[in-house]
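Colleague: I have a model open with a ligand in place. Can we walk through the ligand's surroundings?

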Amino acid sequence: MSSKTYEIRPNQSVELLKELHILTRDGKMNQDSRRKLKQVYHLYQFIEPLLNDVKEAKGSVSLVDHGAGKSYLGFILYDLFFKDLRDSSHIYGIETREELVTKSGELAARLGFAGMSFLNLSVAESTVSDRLPPAIDIVTALHACNTATDDAIRFALQKRAKYVVVVPCCQAEVAGVLKRNKSKSLGDALTEIWRHPLHTREFGSQITNVLRCLQLEAHGYQVNVTELVGWEHSMKNELIIAHYKDLPRRRPAERLHEVMQRFGLDELRERFFVDA
Ligand SMILES: C[S@@+](CC[C@H](N)C(=O)[O-])C[C@H]1O[C@@H](n2cnc3c(N)ncnc32)[C@H](O)[C@@H]1O
């Protein structure tokens, strides 16, 4: 990407960019905002091809963003892609903090972004909520806390999403089980990998993402894991993109179960379920 593409695009909402503090109140860019815009485009370049693919295949796109927070991602996607579509495309933001849901709704109304809705639900609640359609094309979750990413994956599987894009946050559940089972020797030197508390946490995170990838593969998805370079809001930069291709499921399902068994995580089978 040339540095020129980090400039504001002709059709971008200046009001939105000010709300997101990408532009200053007087409409100027500084060093800091230039960096923010660069990060936004960097993430968008991963998601735009998926939006185009669904739009071409189906004529419209439904996207659910879990743990939306201030709906930074949803607003950017809407501004850059959805805004000019003349179809039933829609973005739903799912967020448990009511004040953020209200604020996002107000901002969308002010900007005239009619194809955006914000629902004050947990990710788990949204999976069964009749306020969402039975099928969704793209599911995103950016730094959704702890097991909210896992719930987002479950949601995507139930809604038969064609694409799943997650940047996981810390996940404490797996590390908790590793810690609890630390004293039960698994029989070899491998337990050294998570003996120290810091390693328990880091290895817990790592293995959680490995299990998430295997779970998606065991449901027929092709999975790519990459780094969200330059995303400086957080230390957690792992970007997992899954594309439903109805791939063979048996081997990843077996591997998933083997890994869980090997590391004493059998009690979490329900979390990383495979029903195929
Ligand atoms: C770290 S913020 C990330 C916000 C946004 N996705 C971003 O990247 O800027 C995580 C958000 O997820 C929300 N959240 C946490 N657990 C959730 C759950 N189970 N269901 C819905 N939202 C959740 C929190 O309230 C918070 O706003």
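Colleague: How do the residues of the shell around the ligand divide into nonpolar, polar and charged?

Modeller: This is a predicted model: local features need pLDDT of at least 70, side-chain atom pairs count only at pLDDT 80 or more, and totals for chains, interfaces and linings use all residues. Residues are numbered from 1 along each chain as its sequence is written, and side-chain values use heavy atoms, without hydrogens and water. The shell holds 14 residues, each with a heavy atom within 4 Å of the ligand. Ala, Val, Leu, Ile, Met, Phe, Trp, Tyr, Cys and Pro count as nonpolar, Asp, Glu, Lys and Arg as charged, and the others, Gly among them, as polar. The split is seven nonpolar, five polar and two charged.

Colleague: Which residue has a backbone N or O atom 2.8 Å from a nitrogen atom of the ligand?

Modeller: Look at the polar contacts (pairs of N or O atoms within 3.5 Å). Glutamate 95 uses a polar side-chain atom, 2.6 Å from a ligand oxygen. The side chain of threonine 96 places an N or O atom 3.5 Å from a ligand nitrogen. The backbone contact at 2.8 Å belongs to leucine 142.

Colleague: Is asparagine 181 buried or exposed?

Modeller: Asparagine 181 lies in the loop between helix H7 (172-180) and helix H8 (197-217); helices are DSSP runs of H or I, at least four residues, numbered from the N terminus. Its side chain reaches the backbone oxygen of glycine 264 at 3.0 Å. Buried means under 20% relative accessible area, with a 1.4 Å probe and protein chains only. Asparagine 181 has 12%, so it is buried.

How values were computed
A polar contact is a pair of N or O atoms within 3.5 Å; within protein, one must be able to donate a hydrogen and the other to accept it, and residues adjacent in sequence count only if both atoms are side-chain atoms. Helices (H or I, at least four residues) and strands (E, at least two) are DSSP runs, numbered from the N terminus. Buried means under 20% relative accessible area, exposed over 50%, partly exposed in between (1.4 Å probe, protein chains only).
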